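User: Hello! I have a structure I'd like to talk through with you, one contact at a time. Could you help me read it?

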Amino acid sequence: QVQLVESGGGLVQPGGSLRLSCAASGFPFSNYPMRWYRQAPGKERELVATISSPNGSRTNYADSVTGRFTISRDNAKNTVYLQMSNLKPEDTAVYYCSRVRLGSSVPDYWGQGTQVTVAS
């Protein structure tokens, strides 16, 4: 079955960096675009970044993270990453990776999420 497992979250000071990982299994990973979303307390889930398949040649970012976050993929490891730099308190959220359903722009599978807290 399809599984997405995030890791790499934690507590970091403002201005710091973290790299999130999402290990995928149960499907041909390289065939699918992948996304990172986040949800802060009391807010709706927000799309953070998208990476194309198969080789990640195209990426898109939310305005709020452009220039600070980088999405990438390693098809040999069935893993998608989110490198986050210059973190701000407003980046505090649960971060989720998702698979994008083929032929659509809708996510069809989600990971369980990983908490990122930016605080001094």
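User: How many bridges join β1 to β3, and in which direction do the two strands run?

Analyst: Happy to help, and please keep in mind that this is a predicted model. Strands β1 and β3 run antiparallel, and the number of bridges that join them is five.

User: Which side chains of β1 are buried?

Analyst: In a regular strand the side chains alternate between the two faces of the sheet. Strand β1 covers residues 3–7 and shows this alternation. Gln-3, Val-5 and Ser-7 point to one face and are not buried, while the other face has the buried ones, Leu-4 and Glu-6.

User: Which residue of β3 stands opposite Glu-6?

Analyst: Glu-6 is one of the buried residues of β1. Across from Glu-6, in β3, stands Cys-22.

User: Which residue forms a disulfide with Cys-22, and how many residues apart in sequence are the parts that the pair ties together?

Analyst: The partner of Cys-22 is Cys-97, with the sulfur atoms 1.9 Å apart. Cys-22 belongs to strand β3 (residues 18–25) and Cys-97 to strand β9, so the link ties together parts of the chain separated by 75 residues.

User: Are these two cysteines buried or exposed?

Analyst: Buried means under 20% relative accessible area. Cys-22 has 0%, and Cys-97 also comes out at 0%. By that cut-off Cys-22 is buried, and Cys-97 too counts as buried.

User: Now to the charges: which residues are linked in a network of salt bridges?

Analyst: Let's start from Asp-91. Arg-38 forms a salt bridge with Asp-91, with the closest N and O atoms 2.9 Å apart, and Arg-68 forms one with Asp-91 at 2.7 Å. The whole network consists of Arg-38, Glu-46, Arg-68 and Asp-91.

User: Where in the chain are Arg-68 and Asp-91, and how many residues apart are they?

Analyst: Arg-68 sits in the loop between β6 (59–61) and β7 (69–74). Asp-91 is in the loop between β8 and β9, and the distance between the two along the chain is 23 residues.

User: Why does Asp-91 count as buried?

Analyst: The cut-off for buried is under 20% relative accessible area. Asp-91 is below that cut-off, because its relative accessible area is 1%.

User: Which residue forms a salt bridge with Arg-99, and over which ring does Arg-99 lie?

Analyst: Arg-99 forms a salt bridge with Asp-108, where the closest N and O atoms are 2.7 Å apart. Arg-99 counts as buried at 7% relative accessibility. At 4.1 Å from the ring centre, Arg-99 also lies over the face of Tyr-32.

User: Which residues do ring pairs link into a cluster?

Analyst: One pair is Phe-27 and Phe-29, with ring centres 6.3 Å apart and planes at 55°, so this pair is tilted. Arg-73 lies over the face of Phe-29, at 4.5 Å from the ring centre. The full cluster is Phe-27, Phe-29 and Tyr-32.

User: Why is the pair of Tyr-96 and Trp-110 called edge-to-face?

Analyst: A pair of aromatic rings is described by the distance of the centres and the angle of the planes. Planes over 60 degrees apart count as edge-to-face. Tyr-96 and Trp-110 have their ring centres 6.5 Å apart, and the pair is edge-to-face because the planes are at 85°.

User: Is Trp-110 buried or partly exposed?

Analyst: Its partner Tyr-96 is buried, with a relative accessible area of 14%. Trp-110, in strand β10 (residues 107–110), has 34% relative accessibility and therefore counts as partly exposed.

Key:
Residues are numbered from 1 along each chain as its sequence is written. This is a predicted model: local features need pLDDT of at least 70, side-chain atom pairs count only at pLDDT 80 or more; totals for chains, interfaces and linings use all residues. Side-chain values use heavy atoms; hydrogens and water are left out. A salt bridge is a side-chain nitrogen of Lys or Arg within 4 Å of a carboxyl oxygen of Asp or Glu. Helices (H or I, at least four residues) and strands (E, at least two) are DSSP runs, numbered from the N terminus. Buried means under 20% relative accessible area, exposed over 50%, partly exposed in between (1.4 Å probe, protein chains only). A disulfide is a pair of cysteine sulfur atoms within 2.5 Å. Two strands pair if DSSP finds at least two bridges between them. Rings of Phe, Tyr and Trp (its six-membered ring) pair if their centres lie within 6.5 Å; planes under 30 degrees apart count as stacked, over 60 as edge-to-face and the rest as tilted. A charge sits over a ring if NZ of Lys or CZ of Arg is within 6 Å of the ring centre and within 35 degrees of the ring normal.
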